[in-house]
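Student: I have the sequence and the coordinates open. Can we go through the fold by question and answer?

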Amino acid sequence: MNLLISTAWAQDAAAPGPQGGVLGMIAPILIMFVIFYFLMIRPQQKQQKLRKLMLDNLKRGDEVVTTSGIYGKITDITDSTIMLQIAGSLTVKMERAHVNAVTNLPTPEKK
């Protein structure tokens with residue numbers, strides 16, 4: 001019995017205790033959060049801002065592509081909907097939020 005107790009005490013004394021306290025345990029978590037923020041959250045926020053700016057600047061005559069892949073020209077626009085001319089006299093009413101991209105943006109001139 002005495003041998004088992006002394007072995008247990010020896011194992012306990014040899015085991016390293018927590019080093020650095022609470023800060024040593026939290027620092028890796030904080031570093032992971034900062035890396036996660038710069039690799040995932042921040043780029044997504046920038047992309048959302050650009051998309052909102054694009055949707056706010058839509059106007060009549062813009063040629064757009066919808067999220068479903070339909071190309072068309074905006075003939076009328078309200079706060080939440082657009083009238084999209086697809087072909088000839090075929091016009092459909094769509095949610096403004098479903099515009100994926102404006103295709104008639106001016107391109108910078110190459111020198």
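Student: Which residue takes a positive phi in the hairpin of β1 and β2?

Tutor: Bear in mind that this is a predicted model. The hairpin of β1 and β2 has 4 residues between the strands. One residue there has a positive phi near 90°, and that is G69.

Student: Over how many bridges do β1 and β2 pair?

Tutor: Strand β1 covers residues 63–66, and strand β2 covers residues 71–77. They pair in the antiparallel sense. In β2, the bridge partner of V65 is Y71. The bridges between β1 and β2 number 3.

Student: Which residue of β5 stands opposite V65?

Tutor: Strand β1 also pairs with β5, in the antiparallel sense and over 3 bridges. V65 has Y71 as its bridge partner in β2. In β5, the residue opposite V65 is A101.

Student: In what order do the 5 strands form the open sheet?

Tutor: Strands of a sheet pair through backbone hydrogen bonds, either parallel or antiparallel. Here the pairing is antiparallel. The order is β4-β3-β2-β1-β5.

Student: Why is one side of β4 and of β5 left without a neighbour in the sheet?

Tutor: β4 spans 90–95 and β5 spans 99–102. Both stand at the edges of the sheet. One side of each is free of a sheet neighbour because each has a single partner strand.

Student: By what angle are neighbouring strands of this sheet turned against each other on average?

Tutor: Take neighbouring strands and ignore direction. The average turn is 45°.

Student: Which residue in β4 does M83 stand opposite?

Tutor: β3 and β4 run antiparallel and are joined by 6 bridges. Opposite M83, in β4, stands K93.

Student: Is T81 buried or exposed?

Tutor: T81 lies in strand β3, residues 81–87. Leaving aside neighbours within four places in sequence, T81 is in contact with K93, M94, E95 and R96. Its relative accessible area is 17%. The cut-off is under 20%, so T81 counts as buried.

Student: With which side chain does the side chain of T81 make a polar contact?

Tutor: The limit for a polar contact is 3.5 Å. The pair here is at 2.7 Å. The partner is the side chain of T78.

Student: Where does α2 bend?

Tutor: Helix α2 holds 36 residues, 21–56. From its first C-alpha to its last it reaches 51 Å, close to the 52 Å expected at 1.5 Å a residue. The helix α2 still bends, by about 45°, at Y37.

Notes:
Residues numbered from 1 in each chain as written. Predicted model: local features only at pLDDT ≥ 70, side-chain atom pairs only at ≥ 80, totals over all residues. Heavy atoms only, no water. Helix = DSSP H or I, 4+ residues; strand = E, 2+ residues; numbered from the N terminus. Buried < 20%, exposed > 50% of the residue type's maximum accessible area, 1.4 Å probe, protein only. Polar contact = N/O pair within 3.5 Å; in protein donor to acceptor, adjacent residues only side chain to side chain. Contact = heavy atoms within 4.5 Å. Pairing = 2+ DSSP bridges. Axes fitted to C-alpha atoms, helices over the stretch in contact; angles between N-to-C directions. Expected span 1.5 Å × (residues − 1). Bend = angle between axes of the 7 residues up to and from the residue.
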